[in-house]
Amino acid sequence: MSLPTDANIDFILCDMVRRNAEGKLDIAGYFPLHEVKLDASVPLPAACNLTFVFVVKDGDGRFRGTFRLLDPLGAELHRVPVEEFAKEARFPHMIMLQVNRIPVARAGTFTVVLEIDGQEFRRPVRIFQ
């Protein structure tokens, strides 16, 4: 068994995603800069819906995980277990997590954390008006 490495995990931020029959992803509302601009006319606190996709390209074995979302002050907003998965060394594995009604009390950099067998992979997401 070998754990995935941070450099070989891609992160995709979008509104919605689904896997089609050919194994490809149909992505809607892709954010290439990992920044989400909320409508400035809507007062904070507000809520937004986002989908987080991690593409694990290396590692080999059976893994368990946890997904967490932290606000700009480090408070945990969301936590969900990632179902155990088998990852073969030569094939990528995709983990897709849709989170609805993310509470945004203040603008700033949120942290998306994917934990695989105790190893954390953190990705910043800036949410602002």
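1. Quick definition before the details: two strands count as a pair if DSSP finds at least two bridges between them. By that rule β2 (residues 16-19) and β3 pair up, with four bridges joining them in an antiparallel arrangement. Keep in mind that this is a predicted model.

2. Staying with that pair, β2 and β3 make a hairpin with five residues between the strands. Have a look at Gly-23 in the turn, where phi is positive, at about 90 degrees. On the strands themselves, Met-16 sits opposite Ala-28 of β3.

3. Now for Ile-27, which belongs to β3 (residues 25-28). Is Ile-27 buried, exposed or something in between? Its relative accessibility is 38%, so Ile-27 goes down as partly exposed. Setting aside neighbours within four places in sequence, Ile-27 touches Ile-12, Cys-14, Met-16 and Val-17. Val-17 is 10 residues away from Ile-27 along the chain, yet their C-alpha atoms are 4.5 Å apart.

4. Then there is an open sheet of three strands, ordered β1-β5-β8 and paired antiparallel. Why do β1 (9-14) and β8 (93-104) each have a side without a neighbour in the sheet? They stand at the edges with a single partner strand each, so one side of each is left free of a neighbour there. On average, neighbouring strands of this sheet are turned by 20 degrees against each other, direction ignored.

5. Within that sheet, β5 (residues 46-56) runs antiparallel to β8, and 10 bridges join the two. One spot to click on is Ala-47, whose bridge partner in β8 is Pro-103.

Definitions and conventions: Residues numbered from 1 in each chain as written. Predicted model: local features only at pLDDT ≥ 70, side-chain atom pairs only at ≥ 80, totals over all residues. Heavy atoms only, no water. Buried < 20%, exposed > 50% of the residue type's maximum accessible area, 1.4 Å probe, protein only. Contact = heavy atoms within 4.5 Å. Axes fitted to C-alpha atoms, helices over the stretch in contact; angles between N-to-C directions.
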